[in-house]
Amino acid sequence: MRTWFVLALSAGFAIASHAAPNSPIVPSIHDVVPTLPPITVTESTVKAPQGDVSKSSAIAEPAPTWANLGLPADLALPVSRAKSSRETAADKAFDKQKDVFDTQQHARVAEYVGKATEHPTSARSAGSATVYGYREGEIYVVYAGLDRLTDIALEPGESLTAEPVAGDTEGWIKSEFTSGSGPNARTHIVVKPRDEGIQTNLIVPTNKRVYQLDLRSKPDWYMPGVRWFYPDEEAAVAVKKEIDEQAKQESTEAIAVSPEHLNFRYRIKGRDVPWKPAQVFDDGAKVYLKMPEDLATTDAPALFVIEDGKPLLVNYRIKDRLYVVDRLFANAQLRVGDKHVDVERCGERAWFCR
């Protein structure tokens, strides 16, 4: 039995050795993954209609080679990043529009700056100083000279809220000082160029306004001083003064006669209330009741004229602290609630009137 088993095993090894004498123990990758068939890529011969350019461009672009191989994305061949003709045309159109926009903006800004710039020809002079009329948003040209100082003076009482800022801090020297004291103290900004033909801008912030200056260095002349006057503010002050004078006129009443012809013979009777008249007089046509100074803080009384023992409302107006009645009366009464004060005109023969 044992002899037959050994003979059978020997025969098996012999047959295996004869069947695959050159076969390796580990199989090759070609035995596992089948060889892919060769693929030939040709351009599509389909042409789009002449009227549709976009479809023609889409068909003319071949699909990536790896898309037809069935390979996974991580084993795909590199894809070209070159722009198509449509993308190139779009980029050119965008660049052209951007250039047009930049040109328009440059022209618009130049126009704004040109309109806002105030040159010395539009300014006044006061001694050696150039005087500009200040308006918010305008730019003021200041000419400076080499080895010369230009004094820029602010309005008296105006002070800096921050350090003046210049665009070119290397080519220009600036400093500040104050002249005078108290409400008349004046801030001065001194500028000096380091070279001829240079230019920059200077922004000066103060507690009242902001100044925008265009500093220019000239070889042959300069401005020793620069000042401002303020037409808008001066006009506002003039308007306010006129309004105040008009209000003052409206709050006063013109008296028809001279003071020596006024009649002060009126008797005031009643409790000492805050709105009790201090004085009553007439000019022969109107009666005036001078009220206390604190009338504005109390309830203004109503005025009634007493005729035949009955109170009648009459037309009167109040100007400042003065009640003005456009008629004469013998008796009147001022009322606030249940409180009242009587006003009585004394007779011509009465020697005592109080």
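Which residue forms a salt bridge with Lys269? The partner is Glu344, and the closest N and O atoms of the pair are 3.4 Å apart. This contact is shown in one of the close-up views described below, all taken from a predicted model.

**Figure 1. Overview of the predicted protein chain and its secondary structure.** The chain holds five helices and 20 strands. Of its 354 residues, 26% count as buried. Among contacts with a separation of 6 or more, 62% join residues 24 or more positions apart. The exposed surface of the protein chain comes to about 25,200 Å², of which carbon and sulfur atoms supply 56%.

**Figure 2. Confidence along the chain.** The average pLDDT of the protein chain is 78, and 68% of the residues score at least 70. Over residues 51-58 the pLDDT is below 50, and the model gives this stretch two contacts beyond near neighbours in sequence. Helix H3 (residues 53-60) has the lowest confidence, with a mean of 47. At the other end of the scale is strand S8 (residues 186-193), where confidence is highest, at 95. Residues 44-48 also stay under 50 in pLDDT. For residues 44-48 the model has five contacts beyond four places in sequence.

**Figure 3. The largest nonpolar core, with 22 residues.** Tyr211, Leu213 and Trp228 have the most contacts inside this core. Two or more residues each are given by strand S4 (139-145), S8, strand S9 (199-205), strand S10 (210-218) and strand S11 (225-229). S4 provides the largest share, five residues. A second, separate core has 18 residues, including Val273, Met291, Phe329 and Val343.

**Figure 4. Surroundings of Tyr211.** Which residues does Tyr211 contact, leaving aside its neighbours within four places in sequence? They are Tyr134, Leu154, Glu155, Glu158, Leu202, Ile203, Val204, Thr206, Trp228 and Tyr230. Of these, Trp228 is, with Tyr211 itself, named among the residues with the most contacts inside the largest core. Glu155 and Glu158 belong to the salt-bridge network of Figure 5.

**Figure 5. Salt bridge between Arg209 and Glu233.** The closest N and O atoms of this pair are 2.5 Å apart. Arg209 is in the loop between S9 and S10, whereas Glu233 is in helix H5 (residues 231-251), so the bridge links distant parts of the chain, 24 residues apart. Is Arg209 buried or exposed? Arg209 counts as buried because its relative accessibility is 6%, under the 20% cut-off. Glu233, with a relative accessible area of 37%, is partly exposed. Both residues take part in a network of salt bridges that also links Glu155, Glu158 and Lys208. A search of the whole structure finds 14 salt bridges.

**Figure 6. Salt bridge between Lys269 and Glu344.** Lys269 is in strand S12 (residues 266-270) and Glu344 in strand S20 (residues 339-345). The pair links distant parts of the chain, 75 residues apart. Lys269 counts as partly exposed at 40% relative accessibility, and Glu344 counts as partly exposed at 23%.

**Figure 7. Salt bridge between Glu307 and Arg327.** The closest N and O atoms are 2.6 Å apart. Glu307 lies in strand S15 (residues 302-307), and Arg327 lies in the loop between strand S18 (322-325) and strand S19 (331-336), so the pair ties together parts that are 20 residues apart in sequence. Glu307 is partly exposed, at a relative accessible area of 32%. Arg327 is also partly exposed, at 33% relative accessibility.

**Figure 8. A nonpolar surface patch.** Val165, Ile203 and Val210 make this patch of about 240 Å². Val210 is placed in strand S10 and is partly exposed, with a relative accessible area of 42%. Ile203 is also one of the contacts of Tyr211.

**Figure 9. Positive phi at Asp147 and Asp308.** Most residues other than glycine have a negative phi. Asp147, in the loop between S4 and strand S5 (150-153), has a positive phi of about 60°. Asp147 is exposed, with a relative accessible area of 55%. The phi of Asp308 is also positive, about 55°. Asp308 is found in the loop between S15 and strand S16 (310-313) and counts as exposed at 79% relative accessibility.

How values were computed:
Residues numbered from 1 in each chain as written. Predicted model: local features only at pLDDT ≥ 70, side-chain atom pairs only at ≥ 80, totals over all residues. Heavy atoms only, no water. pLDDT = per-residue confidence, 0-100. Helix = DSSP H or I, 4+ residues; strand = E, 2+ residues; numbered from the N terminus. Contact = heavy atoms within 4.5 Å. Core = buried A, V, L, I, M, F, W, Y, C linked by side-chain atoms within 4.5 Å. Buried < 20%, exposed > 50% of the residue type's maximum accessible area, 1.4 Å probe, protein only. Patch = residues over 30% accessible without salt bridge, like charges linked within 9 Å, V, L, I, M, F, W, Y side chains within 5 Å. Areas by Shrake-Rupley, 256 points an atom, 1.4 Å probe, with all protein chains shown as cover. Salt bridge = Lys/Arg side-chain N within 4 Å of Asp/Glu carboxyl O.
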